[in-house]
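User: I should like a close look at a single part of this model, namely the annotated binding site. Please explain where its residues lie and what surrounds them.

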Amino acid sequence: MSAITLNGVEAPCPEAYRDRGPRSVFCGLTSVVWMHRKIQDAFFLIVGSRTCAHLIQSAAGVMIFAEPRFGTAVLEERDLAGMADAQEELDRIVTRLLERRPDIRLLFLVASCPSDVIRIDLKRAAHRLSGRLAPKTRVLAYTGSGLDTTFTQGEDSCLASLVAEQAEPADSAGRSLVVAGCLPDVVEDQFRRLFEAMGVGPVHFLPSRTSEPLPAVGPETLVLAAQPFVGETVQALERRGARRLSAPFPFGEEGTTLWLKAAADAFGVDPARFDEVTAPGRARAKKALEHHRETLEGKTIFFFPDSQLEIPMARFLARELGMRPTDIATPYFNRSLLDAELPLLGSDPCLSEAPDVDEQMARCLDLKPDLTVCGLGLANALEAQGRVTKWSIELVFTPVHGYDQAGDLAGIFARPLVRKSLLKV
Ligand code: SF4
């Protein structure tokens, strides 16, 4: 049992404790908002209720003028009363969609949480539809239900479905690197250039920009996770024989360097070559971080469980900007994927998995941290009390990985503190 004292409050903290109280996070459907932008010839058909349609429409409201690459098949009363055959209805909707949008090469059927959707076997539907529509269009199913997934797990579930559809593991796939986790195109290009300059490759990004299936995966495939929430995807790749490289996540100068180093070492890159290739990026990142140090250094930060990015973010802010994390709560604590992060974190902050949100709120109000990172629902309540907050969902909508985004990442946490200081009278 450790304890921290902050603002006169003594807060005991069992190490990495786990609770199963009420939570307050967006569901996995939310990930459709960034996934549909990445895979440019895919379509996400959510099978759900009007609530699901409202969530996705308001989360991605900007799409109103574009031909969107997502939609919701809403269960009507006739379906709920059991008067319609769900599989036939789904076939009808998919046929109509593909007639209108023949450019769709990959169709995801995304399950949601209403009990009537849970009863529909979407995997069977995807299999049947794929048989009818392949090779022009592949159909896969995964769940984005709020009962099973937080918003970042929706991405994991989607990527795992892409790995699962692959053929049997290939014995002689040849040495290659798979980067698992959705990255904005600009970040993917930056990493690709760095890997190429070091001589690491071939490199495949999962997901890629098109629906082309992942090349064969086998014992010579190495996996580097780009996001801490892709546990199911990494496991699916490991089941095909791939080997995960242990590394911190590529946030900040240190995280990015160690992440790239894990790949470089696995491919036998000469250390001098590695230093030469990464030196300019490291220098740019360090310079960009200096700009925010004055605002962030010594400030306390409290993480509510939301995005699963909490642990790498706390590590980055503590080690590279001198912030003091008090509580780091995460919805799911994937110890194996975080094996290289935890030793960097130190033993001070209170780590917890899915703690009771009411208890967390009481603790946060007692501790009065300088900055609280949380979901939208809690942010409003805390702001109303005069607390400074940052919405964690911004971390998945903004390019934050790699050297050239290190300054922007620090800026995400610095901005609310700067705003607060400017508002002071
Ligand atoms: S999947 Fe469930 S939690 Fe998500 S919007 Fe639909 S009903 Fe709500």
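Analyst: In this predicted model, Cys27 is located in the loop that runs between strand S3 (17–18) and helix H1 (32–38). This residue belongs to a group recorded by UniProt, whose unreviewed entry lists Cys27, Cys52 and Cys113 under "binding site". The three cysteines span 87 residues in sequence, yet no two of their C-alpha atoms are more than 9.5 Å apart, so they gather at one spot.

Is Cys27 buried or exposed? A residue counts as buried if 20 or more other C-beta atoms lie within 10 Å of its own. Cys27 has 24 C-beta neighbours inside 10 Å, and therefore it counts as buried. Leaving aside residues up to four places away in sequence, Cys27 touches Cys113, another of the listed cysteines. Its other contacts under that condition are Gly144, Ser145, Gly146, Thr149 and Phe151.

Cys52, by contrast in setting, is placed in a helix, H2 (residues 50–59). Cys52 is buried because 26 other C-beta atoms lie within 10 Å. When residues up to four places away in sequence are again not counted, Cys52 touches Leu29, Ile46, Thr72 and Ser112.

Taken together, the record's binding site brings a loop residue, Cys27, and a helix residue, Cys52, to one spot with Cys113. Cys27 and Cys52 are both buried there.

Technical notes. Residues are numbered from 1 along each chain as its sequence is written. This is a predicted model: local features need pLDDT of at least 70, side-chain atom pairs count only at pLDDT 80 or more; totals for chains, interfaces and linings use all residues. UniProt positions are given in the numbering used here, feature names are shortened, and annotations may be inferred rather than shown by experiment. Helices (H or I, at least four residues) and strands (E, at least two) are DSSP runs, numbered from the N terminus. A residue is buried if 20 or more other C-beta atoms lie within 10 Å of its own, exposed if 12 or fewer, and partly exposed in between; C-beta atoms are placed from the backbone. Two residues are in contact if their C-beta atoms, placed from the backbone, lie within 7 Å.
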